[in-house]
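Here are my notes on the model, set out as numbered points for you to check against the coordinates. I begin with the backbone and then move to the side chains.

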Amino acid sequence: MMIVMVVGFVLAWMPFNAVNLYRDLFGISTTKWYSTVFALCHVCAMCSAVLNPIIYSWFNPQFRTSITTLFRGNNEEARLIKKKPSSTSKMVAYPNNFSEI
């Protein structure tokens, strides 16, 4: 996961840093194409903020299993949720009276 995070970060921020380095070395921030290129590179860099949660969640096995089950439309979990408990006794998280404490 760490390798994917680093590669994603480098790919997202490299164009932005390259444009800024080019501007600093050659001083061409007044050309008509610079603002468009800068905006596109900035959007690409900000995509790393969207990329990080996607990478973290995809490398989590429980989350990946849940999402794939959700998109497949597997009714196994729905069947288990609708299944009624076999015992008739109700479990209460709090005592009925204070003498039980």
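1. Helix α2 has a kink of about 35° at valine 50, a position that comes shortly before proline 53. This is a predicted model, and I would ask that the points below be read with that in mind.

2. Helix α2 runs over residues 34-58. With its 25 residues, α2 reaches 36 Å from its first C-alpha to its last, which is close to the 36 Å expected at 1.5 Å a residue. The end-to-end figure and the kink at valine 50 should therefore be read side by side, since a span close to the expected one is reported for α2 along with a bend of about 35°.

3. On burial within α2, the residues Tyr34, Cys41, Ala45, Ser48 and Ile55 are buried, and the buried residues of this helix pack against α1. Alanine 49, by contrast, is a member of α2 that counts as exposed, because its relative accessible area of 54% is over the 50% cut-off. Its C-alpha nevertheless lies 9.4 Å from that of alanine 12, although the two residues are 37 apart in sequence.

4. Which residues does tryptophan 13 touch, once those up to four places away in sequence are set aside? Tryptophan 13, which lies in helix α1, touches Ala45, Met46 and Ser48 on that count, and two of these, Ala45 and Ser48, are listed among the buried residues of α2. The C-alpha atoms of tryptophan 13 and cysteine 41 are separated by 7.9 Å, with their positions 28 residues apart along the chain. Tryptophan 13 itself is partly exposed, at a relative accessible area of 21%.

5. The whole structure contains five aromatic pairs. In one of them, the rings of tryptophan 13 and phenylalanine 16 have centres 5.6 Å apart and planes at 80°, so this pair is edge-to-face. Both residues belong to helix α1 (residues 2-26) and are three residues apart, about one turn of the helix. Residues three or four places apart point the same way, because an α-helix has 3.6 residues a turn.

6. Phenylalanine 16 is buried, with a relative accessible area of 13%. The ring of phenylalanine 16 also pairs with that of phenylalanine 38, the centres being 5.4 Å apart and the planes at 50°, so that this pair is tilted. The pair links distant parts of the chain, with phenylalanine 16 in helix α1 and phenylalanine 38 in helix α2, 22 residues apart. Phenylalanine 38 counts as partly exposed, at 27% relative accessibility. Through ring pairs, Phe9, Trp13, Phe16, Tyr34 and Phe38 are linked into a cluster.

7. How many salt bridges does the structure hold? There is one, formed by aspartate 24 and arginine 23, whose closest N and O atoms are 3.4 Å apart. Aspartate 24 is exposed, with a relative accessible area of 55%, whereas arginine 23 is partly exposed at 29%. Side chains of opposite charge can pair when their charged atoms come close.

8. A further arginine deserves a separate entry: arginine 64 lies over the face of tryptophan 58, at 5.6 Å from the ring centre.

Methods:
Residues numbered from 1 in each chain as written. Predicted model: local features only at pLDDT ≥ 70, side-chain atom pairs only at ≥ 80, totals over all residues. Heavy atoms only, no water. Salt bridge = Lys/Arg side-chain N within 4 Å of Asp/Glu carboxyl O. Buried < 20%, exposed > 50% of the residue type's maximum accessible area, 1.4 Å probe, protein only. Helix = DSSP H or I, 4+ residues; strand = E, 2+ residues; numbered from the N terminus. Phe/Tyr/Trp six-rings, centres within 6.5 Å; stacked < 30°, edge-to-face > 60°. Lys NZ or Arg CZ within 6 Å of the ring centre and 35° of its normal. Expected span 1.5 Å × (residues − 1). Bend = angle between axes of the 7 residues up to and from the residue. Contact = heavy atoms within 4.5 Å.
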